[in-house]
Amino acid sequence: MLPSSSALSGSGVATRVAFWTGATSLGSNANLYWDNTNNRLGIGTAAPAQPLHVIGTGRFSAIASGANGAIVTSNTSGDLGFLNFTGNVNDVLRGNGIWAPVTSGVTTCGGVLTNYVQKWTGAQLCNSIIFDNGTNVGINTTTPSNKLAVVGGNISWGTSSEVSLLQNDQGGSIELGGQNGLANPITNGMPYIDFHFGTGSAQDYNARIINAANNRIDVTTSSGGVLSVNGTNIGVGTTSPAQRLDVAGNVRFSGALMPAGNAGTSGQILTSQGPGLAPVWQTPASIPLYGNNAQSVKLTTMQSTTSGSWANIPGMSITMTPTHNRVYIFASVAGRLTDNTGMAQFGQAAMYIRILVNGVEQAISKCIITDYDDMNGVIAGGSAAIAGVPVTVTIGSPITVQLQWYIVRLWSSSPWQLRCDPTLANIGDHAILTVFD
């Protein structure tokens with residue numbers, strides 16, 4: 001019987017199940033709830049979704065079962081029950097509630113053969129084309145020599161359809177592999193494809209494509225040839241190309257060399273435009289090479305002088321526009337001491353020549369003209385030359401090069417003069433001025 005109301009004590013929370021905490025006091029617990037609207041009891045939940053809703057583990061004790069244990073079952077009314085295990089080892093519980101071997105009541109087609117993986121046809125078990133000898137697996141072969149052997153067809157694969165194909169139609173073999181001996185071959189490995197030319201070859205590979213380093217693909221052969229794509233550069237005979245195309249060895253062309261798509265024309269030469277720019281074809285005469293802009297003049301008429309100071313040799317000057325910042329000047333004059341008619345004169349003199357560039361002296365030369373007699377008569381001549389004097393100039397700025405002479409008479413008969421007459425044969429008189437640019 002309940003004690004009088006004045007003797008009861010305690011408090012509660014709505015929907016919690018109350019229980020006696022003492023002889024005269026009631027209490028509740030947050031893990032025990034009653035949903036009076038839906039008639040549901042919650043253990044560990046304040047919102048039971050079923051007549052009994054348990055959050056957490058549960059245990060049933062003192063339930064009888066067979067020696068091999070039991071399983072929980074339910075009937076069409078939703079009642080729980082326990083079914084003792086009464087079958088043999090490897091038996092399964094079939095849909096009819098009977099323990100039986102997995103193949104019990106199952107027919108086979110032609111008998112189950114050892115090591116064949118079975119397949120269900122919808123009515124019976126049959127041997128598939130997959131053969132497993134415990135070490136290797138063969139598809140369409142009973143003698144697999146590797147972990148997976150496929151005989152009689154190609155291999156295809158893809159994410160949602162068979163878009164990739166590995167096909168064997170020419171004999172030989174292809175090997176897929178990775179560098180061995182690495183701590184993490186998946187992360188650090190060097191995947192490769194080996195090609196074995198012909199059959200029965202004992203070589204490691206005849207040709208190989210290998211991802212030998214980050215951003216690098218090498219194509220190598222058993223004879224040592226290599227083609228390497230390293231980053232954005234390609235190497236032939238080298239795996240570390242320093243340019244877009246780096247060839248270690250000779251290069252042979254059977255067609256045109258076409259920078260910027262231009263093959264050039266016959267007789268042109270290829271000239272550099274500097275770093276980062278494609279070379280261009282140019283006609284040799286238009287290229288600023290030494291000799292392409294060389295200028296030269298020679299005396300063609302008789303000239304003479306008695307001047308003791310510098311005088312221009314008529315016709316012996318060159319005006320030109322240099323294509324280099326340095327030109328080289330050559331000059332040679334051969335003259336004789338003669339009388340006024342051009343006959344050799346007894347005497348001795350010094351002949352001086354010099355080169356002026358834009359009026360500035362660049363070089364001087366001299367010679368002694370003296371007389372002597374031979375079977376041809378009296379000879380009184382000499383020559384002076386200036387060979388390859390370098391002169392600094394400005395590219396594109398015109399220059400004038402002038403050849404001058406004068407004579408110092410030491411002694412002679414009169415009349416006398418310094419004469420240069422290139423019109424006479426077998427005498428050797430000449431005057432030549434050359435600018436090499």
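**Notebook: aromatic pairs, strands and single residues**

I started with the rings: Y290, Y328 and F436 form one aromatic cluster. The model is predicted, so I kept its limits at hand: local features need pLDDT of at least 70, side-chain atom pairs count only at pLDDT 80 or more, and totals for chains, interfaces and linings use all residues. Residues are numbered from 1 along each chain as its sequence is written, and side-chain values use heavy atoms, with hydrogens and water left out.

**Entry 1. Whole chain**

I read off one helix and 35 strands in the chain. Both are DSSP runs numbered from the N terminus: helices are H or I with at least four residues, strands are E with at least two. The chain has 437 residues, and 24% of them are buried. My burial classes use relative accessible area: buried is under 20%, exposed is over 50%, and partly exposed lies in between (1.4 Å probe, protein chains only). I then looked at contacts, meaning heavy atoms within 4.5 Å. Of the contacts with a separation of 6 or more, 41% come from residues 24 or more positions apart.

**Entry 2. Aromatic pairs**

I found five aromatic pairs in the structure. Why do I call Y290 and F436 stacked? Their ring centres are 5.8 Å apart and their planes are at 10°, so the pair is stacked. The rule covers rings of Phe, Tyr and Trp (its six-membered ring): centres within 6.5 Å make a pair, planes under 30 degrees apart are stacked, over 60 edge-to-face, and the rest tilted. This pair links distant parts of the chain, 146 residues apart. Y290 is in the loop between β25 (280–282) and β26 (295–298), and F436 is in strand β35 (residues 430–436). I checked accessibility for both. Y290 is partly exposed at 36%, and F436 is partly exposed at 33%.

**Entry 3. Y192 and strand β18**

Which residue lies over the face of Y192? I found R208 there, at 4.1 Å from the ring centre. A charge sits over a ring if NZ of Lys or CZ of Arg is within 6 Å of the ring centre and within 35 degrees of the ring normal. Y192 belongs to strand β18 (residues 192–196), where the side chains alternate. Y192, D194 and H196 point to one face and are buried. I193 and F195 point to the other and are not. β18 runs antiparallel to strand β19 (residues 207–213), joined by four bridges. Opposite Y192 in β19 I found I210.

**Entry 4. Strand β34 and its partners**

Strand β34 (residues 417–420) has both faces covered. Q417 and R419 are buried on one side, L418 and C420 on the other. I then listed pairings, which need at least two DSSP bridges between two strands. β27 joins β34 by three bridges and runs antiparallel to it. Within this pairing, Q303 has C420 as its bridge partner. Strand β29 (residues 326–338) is also antiparallel to β34, again with three bridges. There, R336 stands opposite R419.

**Entry 5. T305**

T305 is in strand β27 (residues 303–305). Buried or exposed? T305 counts as buried, at 11% relative accessibility. Beyond residues up to four places away in sequence, T305 touches W405, I407, Q417 and L418. Q417 and L418 are residues of β34. I also noted a polar atom of the T305 side chain at 3.0 Å from the backbone nitrogen of S307. A polar contact is a pair of N or O atoms within 3.5 Å; within protein, one must be able to donate a hydrogen and the other to accept it, and residues adjacent in sequence count only if both atoms are side-chain atoms.

**Entry 6. P314**

I placed P314 in strand β28 (residues 311–320). P314 counts as partly exposed, at 40%. Its contacts, leaving aside neighbours within four places in sequence, are L299 and Q303. Q404 is 90 residues from P314 along the chain, with 8.7 Å between their C-alpha atoms.

**Entry 7. A three-strand sheet**

I traced an open sheet in the order β3-β4-β5, with mixed pairing. Which strands stand at the edges? They are β3 (32–35) and β5 (52–54); each has a single partner strand, so one side of each is left without a neighbour in the sheet. β3 pairs with strand β4 (residues 40–43) over four bridges, in the antiparallel sense. D35 stands opposite R40 in β4.

**Entry 8. V13**

V13 is in the segment before β1 (19–20). V13 is partly exposed, at 43%. From V13 to N29 I noted 8.8 Å, C-alpha to C-alpha, with their positions 16 residues apart in sequence.
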